[in-house]
Amino acid sequence: MPPKQAPEKQNYKRVWLLFLYFLILSAASFVFVHLLLPKPVVPITSPAASSTTATAAPDSAPVPTPAPADAALLPDGFVYVSDIIPDAQIDIRYYSAYNFFGTRIDGYEAPQAILTKEAALALKTASTILAKQGYGIKIFDAYRPLRAVDHFVSWSQDLTDTKMKAVFYPNLDKSALFNQGFIARKSGHSRGSTADLTLVHLISGQEVDMGSSFDFFGEISHHGTQLITNQQTQSRNILRDAMAAAGFAPYSKEWWHYCLQNEPYPDQYFDFVIR
Ligand SMILES: [Zn+2]
């Protein structure tokens, strides 16, 4: 015959059972809430996807902040622009999908602006001149690997891919981009001393209205066009004068494109990847 349990011992057992019951209940609700309930889905939107309607101006795309890069990885003679001009805004469009092509371009593995040391120092001179007038600079492209230009060429041969036509070349036939000089088989950018840039207001950091956006291909992007206001022409001239004073030559068809006149590698085209 089993010994009869004392009443205190029975109470003790009841408390333990109650505790065990709550323990199981909490574990079950944890499993339900954290593991079984479906997670809310956060939609991922890219600037490229949202711009296919052509309502957004190209310059409204967010500016990616480049991560610090290791200059020791660059070939001799090249520098990261952010190491030479720390306050320059860097918005490398061919790293993002928000560009002429609607996709990241081969050779752009980081949103970094790289130039020859000579070009970067000349650009610093221009940015100092501009700062005195209340302007900063925003760089859209600088050194461009040869493989990126190859990517441009193969893209241009596929006439069905016109994803970004409405934003960047609404008035041009894709087949005419080569003939009209907008896309070349070789680019001065690959020599490392050419940059595409615009002005920003130093105080607000906002882009100055230049009358057309970077990489908008059409007459409105030419120097001397009558299609823009006097104020816009004046803003383009402020950039052009500062760049000229620093030793850069403009390109008649693109207000944003400048090549160092006394470039250190006038005949050499590079293909190292941007990291
Ligand atoms: Zn350019």
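Let me begin with how this chain is put together: of the contacts in the protein with a separation of 6 or more, 75% are accounted for by residues 24 or more positions apart. Please keep in mind throughout that this is a predicted model. Of the 275 residues of the protein, 34% count as buried, and the protein has seven helices and seven strands. Read from the N terminus on, the elements run α-α-β-α-β-β-α-β-α-α-β-α-β-β.

I would like to start with the sheet. Five strands form an open sheet with mixed pairing, and the order across the sheet is 2-4-5-7-6. The edge strands, each of which pairs on one side only, are strand 2, residues 89-90, and strand 6, residues 248-251. Helix 4, which spans residues 117-131, packs on this sheet and touches strand 4 (135-141), strand 5 (194-201), strand 6 and strand 7, while its direction makes about 145° with that of strand 4.

As a reminder before we walk across, strands of a sheet pair through backbone hydrogen bonds, either parallel or antiparallel. Beginning at strand 2, we find that two bridges join this strand to strand 4, and that the two run parallel; here I90 has I139 of strand 4 as its bridge partner. Moving on, strand 4 and strand 5 pair over six bridges in the antiparallel sense, and in this pairing the bridge partner of G136 is V200 in strand 5. At the other edge, strand 6 is joined by four bridges to strand 7, residues 254-260, and these two run antiparallel. Strand 6 and strand 7 form a hairpin with two residues between them, and across this pair Y251 has E254 of strand 7 as its bridge partner.

How much of strand 4 is buried? Seven of its seven residues are, so strand 4 is largely enclosed by the rest of the structure.

Let me now turn to one residue of the neighbouring pairing, L199, which lies in strand 5. Is L199 buried or exposed? It counts as buried, because it has 23 C-beta neighbours inside 10 Å, where 20 or more are needed. Once neighbours within four places in sequence are left aside, L199 is in contact with L130, Y135, I137, V208, S235, I238 and L239. There is also W256, which is 57 residues from L199 along the chain, yet the C-alpha atoms of the two are separated by 9.4 Å.

Two of the contacts of L199, S235 and L239, are also among the buried residues of helix 7, so let us look at that helix next. Helix 7, residues 230-245, has 16 residues and reaches 22 Å from its first C-alpha to its last, close to the 22 Å expected at 1.5 Å a residue. Its buried residues are S235, R236, L239, A242 and M243. Seen down the axis of helix 7, these buried residues fall within an arc of 130°, and they therefore line one face of the helix. On the other side of helix 7, N230 and Q234 are exposed. What do the buried residues of helix 7 pack against? They pack against helix 4, strand 5, strand 6 and strand 7. After helix 7 comes G247, whose phi is positive, near 105°.

Helix 5 can be described along similar lines. Helix 5, residues 146-157, has twelve residues and reaches 17 Å from its first C-alpha to its last, which is close to the 16 Å expected at 1.5 Å a residue. Its buried residues include A148, V149 and F152, and because these cover an arc of only 100° around the axis, they are on the same side of helix 5. On the other side of helix 5, S154 and Q157 are exposed.

I will finish with the nonpolar core. The largest nonpolar core has 56 residues, of which V81, L115, L123 and I139 touch the most other members, and helix 4 gives the most to this core, with six residues. Not counting residues up to four places away in sequence, L123 touches V81, I85, L115, A195 and A246. I139, also named in that core, is the residue we met earlier as the bridge partner of I90 in strand 4.

Methods:
Residues numbered from 1 in each chain as written. Predicted model: local features only at pLDDT ≥ 70, side-chain atom pairs only at ≥ 80, totals over all residues. Pairing = 2+ DSSP bridges. Contact = placed C-beta atoms within 7 Å. Axes fitted to C-alpha atoms, helices over the stretch in contact; angles between N-to-C directions. Buried ≥ 20, exposed ≤ 12 C-beta atoms within 10 Å, placed from the backbone. Expected span 1.5 Å × (residues − 1). Arc of directions from axis to C-beta. Core = buried A, V, L, I, M, F, W, Y, C linked by C-beta atoms within 7 Å.
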